[in-house]
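Here are some notes on the model you sent, set out as numbered points. They begin with the ligand site and then turn to a helix pair and to two points of backbone geometry.

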Amino acid sequence: MKKMLIMGPPGAGKGTQAEKIIEYYGIPHISTGDMFRAAISNKTEVGLIAKKYIDAGNLVPDEVTVGIVKERLSNPDCKNGFLLDGFPRDLKQAEMFSDMLKELDIKLDLVLNIHVDSEKLINRIIGRRICPNCGRTYHITYNKPLKEGICDECGSTLIQRKDDNVETVKNRLDVYAQKTEPLINYYKDLVYNVDGDRDVDVIFNDIKKVIGD
Ligand code: AP5
Ligand code: MG
Ligand code: ZN
């Protein structure tokens, strides 16, 4: 199975598509954002450092981020493919990631790049709700749970991410445009562009075609 990155601005649907991809292909989803949020809720050392950056919508320092990715990719379950979401996020991380791949003898196969116009992203992010227990993502309009405010999967009460407010979102979009978007060119030979402004399942079918069986 392929070794892949999923890229795109905040709210593009990386996490939403990742849930489907990992279930269908049985590969690990490595989301640096999810790992940081878990660290914050468990009050670990990494969590304590990461919190103030995430709450402001800024990038967590590389010393922390690169270490957790390397540790995770060294795990044997990544041997048969993985989907990395939210890393690398700037050119420096991309270069450190290339070194890491060489060291771990891993070849990257595909970079999925989800595009959604920026004016639609704020709406998606402000209406997002997540399950604090199983991590599933919902939207109050576009992707409703069966029962309002309750996770379909595990029955927990849904919450809003602390960085999903108008102020922080604007900064996250700026950070993306300045630092992360240039990576699409860095990975141009591996990039597959996905129109993210379609139905979730239509997008997933498109992605399945490029990943293959
Ligand atoms: P991270 O968790 O990676 O957040 P992000 O990049 O801002 O992306 P999001 O998770 O907000 O969006 P998504 O694309 O996953 O969208 P989703 O599928 O949920 O990072 C958070 C923070 O952690 C960063 O700001 C930074 O501080 C830190 N961090 C993480 N990685 C780092 C790194 N490498 N270096 C340094 N710091 C790092 O969808 C959004 C909403 O839209 C949902 O409600 C969903 O239901 C809905 N939706 C999805 N698809 C559709 C569709 N097709 N149609 C309609 N609605 C849809
Ligand atoms: Mg996400
Ligand atoms: Zn749940």
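1. The shell around ligand 1 is of mixed character, since its residues divide into twelve nonpolar, 14 polar and nine charged. Please keep in mind while reading that this is a predicted model, and that the values below are computed from it. In total, 35 residues surround ligand 1, and the closest are Thr16, Thr32, Asn58, Arg89 and Arg128.

2. Which elements supply at least two residues each to this shell? They are helix 1 (14–25), helix 2, strand 6 (137–139) and helix 9 (200–211), and the largest share, four residues, comes from helix 2.

3. Several oxygen atoms of the ligand deserve a look in the viewer. An oxygen atom of ligand 1 is placed 2.5 Å from a polar backbone atom of Asn58, and a backbone N or O atom of Tyr138 lies 2.7 Å from an oxygen atom of ligand 1. With Arg172 the side chain is involved instead of the backbone, one of its N or O atoms being 2.7 Å from an oxygen atom of the ligand. As for the cover of the ligand, the protein takes up 96% of the 1100 Å² of accessible area that ligand 1 has on its own.

4. Helix 2 also takes part in a helix pair. Helix 2 (residues 32–41) packs with helix 3 (residues 45–56) at an angle of about 115°, their axes being 8 Å apart, and the crossing is left-handed. On the side of helix 2 the contact is made by Phe36, Ala39 and Ile40, and on the side of helix 3 by Val46, Gly47, Ala50, Lys51 and Ile54. These residues divide into six nonpolar, one polar and one charged.

5. In the loop between helix 2 and helix 3 we find Lys43, which has a positive phi of about 55° although it is not a glycine. A second backbone feature is the cis peptide bond that joins Phe87 and Pro88, with omega about -5°; Pro88 has its place in the loop between strand 3 (82–85) and helix 5 (91–104). Both features are worth noting because most residues other than glycine have a negative phi, and most peptide bonds are trans.

Methods:
Residues are numbered from 1 along each chain as its sequence is written. Chains are lettered from A and ligands numbered from 1 in the order in which they are written. This is a predicted model: local features need pLDDT of at least 70, side-chain atom pairs count only at pLDDT 80 or more; totals for chains, interfaces and linings use all residues. Side-chain values use heavy atoms; hydrogens and water are left out. Axes are lines fitted to C-alpha atoms, for helices over the stretch in contact, and angles run from 0 to 180 degrees between N-to-C directions. A crossing is left-handed if the near helix is turned anticlockwise from the far one by less than a right angle, and right-handed if clockwise. Contact means heavy atoms within 4.5 Å. Ala, Val, Leu, Ile, Met, Phe, Trp, Tyr, Cys and Pro count as nonpolar, Asp, Glu, Lys and Arg as charged, and the others, Gly among them, as polar. A residue is near a molecule or strand if one of its heavy atoms lies within 4 Å of it. A polar contact is a pair of N or O atoms within 3.5 Å; within protein, one must be able to donate a hydrogen and the other to accept it, and residues adjacent in sequence count only if both atoms are side-chain atoms. Accessible areas come from the Shrake-Rupley method with a 1.4 Å probe; for residues, only the protein chains shown count as cover.
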